[in-house]
Amino acid sequence: MHRTFRRVAVIGAGTMGAAIAAHLANAGIPTYLLDIVPNALTAKEEANGLTLASPEVRNRIVREGFARMRKAKPANLFSAKTAALITLGNTDDHFEWLAEADWIIEAIVERLDIKQSLMARIEAVRKPTCIVSSNTSGLPIHAIAEGRSDNFRAHFLGTHFFNPPRYMKLIELIPTADTAADVLADMRAFATEVLGKGVVLAKDTPNFIGNRLAFIGSAQTISYAVAHDFTIPEVDLLTGPLVGRPKTGTFRLADLVGIDILAAIGVNLYELIPHDPEREVLKSPEFSRVLQTMIEHKWLGNKTRIGFSKQVRVEGKKAFWPLNLKTMEHEAMPKPRFESVGQWRHKPLPERLRGMIEATDRAGEFVWYTISHTLHYAASVMPEISEDPLAVDNAMKWGFSWQVGPFEIWDMLDVARTAARMQEEGLALPTWVQEMLDSGAKSFYRTYRGKKQRWVIGQGYVNVQPDPKLIILDEVRAKAQQVILSNASASLLDIGDGVALLEFHATTPNGRVMNMLDLDILAIVEETVARIERDHVGLVIGNQGEHFSTGANIFLIAVNAQQGAWDTLEDLSKKLQSMRRAFTTLSKPVVAAPFNMALGGGAEVSMAADRIVAAAETYMGLPEVGVGILPAGGGTKELVRRVISPAARIQHPGIDKYVQDVSLTIATAKIATSAVEARQLGFLTDCDRIVMNKDHLIAEAKAEVLAMAATSYRPTFPVKNCYAAGRDALATLQVYIEMQRLAGFISEHDAKVANKVAYVVCGGDLSQPQWVDEQYFLDLEREALLSLAGEPLTQARLWHMLQTGKPLRN
């Protein structure tokens, strides 16, 4: 059993400290956030007659840091209400609060002497079992705890979060020689299970693993780009999704981090790594000149709204001009085009990488240089930073959103062949890699007797310890006996213990797995219901694509609407609507496992299940009004059932507010920015679960199915379970909509769509409120869909969305 963390304290309300506190609150952990007391009054405080002893002054620094955290985009908090779990204080008046904490995180200024002084103060108040950690990224972890007691040092380690903590999966845990084994194990379990992190154990070396590799790699890339006359758009193209990295590429990422931060890291890192084989790249003329010039001009990136790119207006339209790395002037540049990129960009990543490094144009030379030097450097700093290639690969995937890590890339490219080319070009092969090849090993990873292994320095091949909560659907699908049904867009898989999984894998024309609901998916659902009833104990609806589902296939709706094929369109709506009845009348439990985008039909499929087990980062909503229609796959009815009806059942005096909230959620296409917010909007109920670690989502959903089956699950046959508010509530909404139209906030067409939404949500113009069956609302949904789909502007919006992926502005 691992220890329980009931309360955590964070000291330092800067960008990272406040964001760490926010993520702890996201996980449901009550958190203290402290910072220092100001030593001077602001002009406003003086004008208000305040003194340094005034409570509002003494908490000003922490309060301002907290306010910045709440305003930041993307949002640090799952919901505005989550902030209630954070209590603000200062390190003079509230330091004794730390005695309550099970974990204290230091996130203050990067000065060793100040951190050491703080540790001495913490030791005086902490309870003996309390874990203390530092979020430093540049100071030796062991030095911060020097002079402290044996008990303190046994409970001390580094916990390096990546920014922003809510979204970046990686946390590097850096134990010292004194850190107790149980402390490290408890922190690893808590970070993984409760905070949803991917944990990498790192050595106490400069910049640990992720930042060490990323920063040197960035310096190498920028230096090469300047020396070989590559433009910023060219570099970001060649270091982005083309090679399995994020869209930010090199320079957009630098603007995000901050040019001043990059320069400071470079200066600090240079002094800390005198032995590093690539140290001098940090002072290369190309790299240094660019950063120094930008700092002199105060072009610091996103924080100053000018960096490697500059926003301008050209003929009244917003545009971004990149920096010319030779003239150091921002200017318009053409979209980069390379023959090799056009040839390989739509191939699978392994094939794409192999093709690009063999290409003989400028793009091929650039990609080979950056990849070969990345792989060589990663190998060269081992075993200093780690003996384990898996730790290095995970650090780059989880901390920098790479699709695959350096050693996984090397395996894709053929280790021996790539190593020979490196050596021919003067890159000496690190000893351990040569020893691995000399042993007859051909790759850093392999599968041996059914188990995945990786080559660990000094040990050879070592098994990768499986995560018991990780079910990888690609591996399930690879076993023919576990594929029950399959077509181009969906599969029914056996995931063990009698549980089946309905997986969507519908792709867009450009190969993205967006899982738009199409006829193939709807067809397999019908057969799935029969199979589950006969052969299984329950069903999970989930997948591991880019998104759970981005809704119904717009092409199907647009074509049928344009051709006036109303019977076909109505049949499509009926099939979506029938899912809830099909699933809830099964004698076996059905659990949906949404994540990322679960929009439109994706939200409707989720709400059709008996229960939802959602990833914390689930963005759920019904955006159909954006194309001029309303949710007609059961979504409108479900919000009536989930939000309005429970309030009506207890005769809530404010029932009109619930009716208005549901109408606005649908009519404004409100998308929940987290699963927590999805629950507040009514897409999730209190019985549904939220999972912080998305990797565990399928396993947790499976466990939910088994738990429901073990407690004698029974199907439901609801009768008159939906509250129709009737014409008085409808009239109130209609007045509001007309006022919005007259004020110019919405167009005539928007008003028409909003009135249809209000009509369905209120159950039509019934003379008085009454309870009705679900089918009553489903019929209203379909009627409204067919009515709106015939509107010329709706059809224009559908085709515009289909062609551009963006809603048509009025």
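In what follows, Lys and Arg count as positive and Asp and Glu as negative, while His and the chain ends are not counted, and the place of a charge is taken as NZ of Lys, CZ of Arg, CG of Asp or CD of Glu. This is a predicted model, in which local features need pLDDT of at least 70 and side-chain atom pairs count only at pLDDT 80 or more, whereas totals for chains, interfaces and linings use all residues. Residues are numbered from 1 along each chain as its sequence is written, and side-chain values use heavy atoms, with hydrogens and water left out.

**Figure 1. The whole protein chain and its charges.** The protein chain has 87 positive and 92 negative side chains, and the centres of these two sets lie 2 Å apart. There are 33 helices and 24 strands in the protein chain, where helices (H or I, at least four residues) and strands (E, at least two) are DSSP runs numbered from the N terminus. The radius of gyration, taken over C-alpha atoms, is 29 Å, close to the 28 Å that the globule rule (2.2 Å times the number of residues to the power 0.38) gives for 810 residues, so the protein chain is as compact as a globular protein of that length. Of these 810 residues, 55% count as buried, a term that means under 20% relative accessible area with a 1.4 Å probe, protein chains only.

**Figure 2. Helix H1, residues 15–26.** The twelve residues of H1 reach 17 Å from the first C-alpha to the last, close to the 16 Å expected at 1.5 Å a residue, the expected span being 1.5 Å times one less than the number of residues. Eleven of the twelve residues of H1 are buried, so this helix is largely enclosed by the rest of the structure; among them are Met-16, Ile-20, His-23 and Leu-24. After H1 comes Gly-28, which has a positive phi, near 85°.

**Figure 3. His-160 in strand E6.** His-160 has its place in strand E6, residues 156–161, and is buried, with a relative accessible area of 5%. Leaving aside neighbours within four places in sequence, the residues in contact (heavy atoms within 4.5 Å) with His-160 include Asn-135, Thr-136, Leu-170, Glu-172 and Phe-208.

**Figure 4. Leu-390 in helix H17.** Leu-390 is found in H17, residues 389–400, and counts as buried at 18% relative accessibility. Not counting residues up to four places away in sequence, Leu-390 touches Tyr-445, Arg-454 and Val-464. Leu-390 and Arg-454 are 64 residues apart along the chain, and their C-alpha atoms are separated by 7.0 Å.

Conventions:
Buried < 20%, exposed > 50% of the residue type's maximum accessible area, 1.4 Å probe, protein only.
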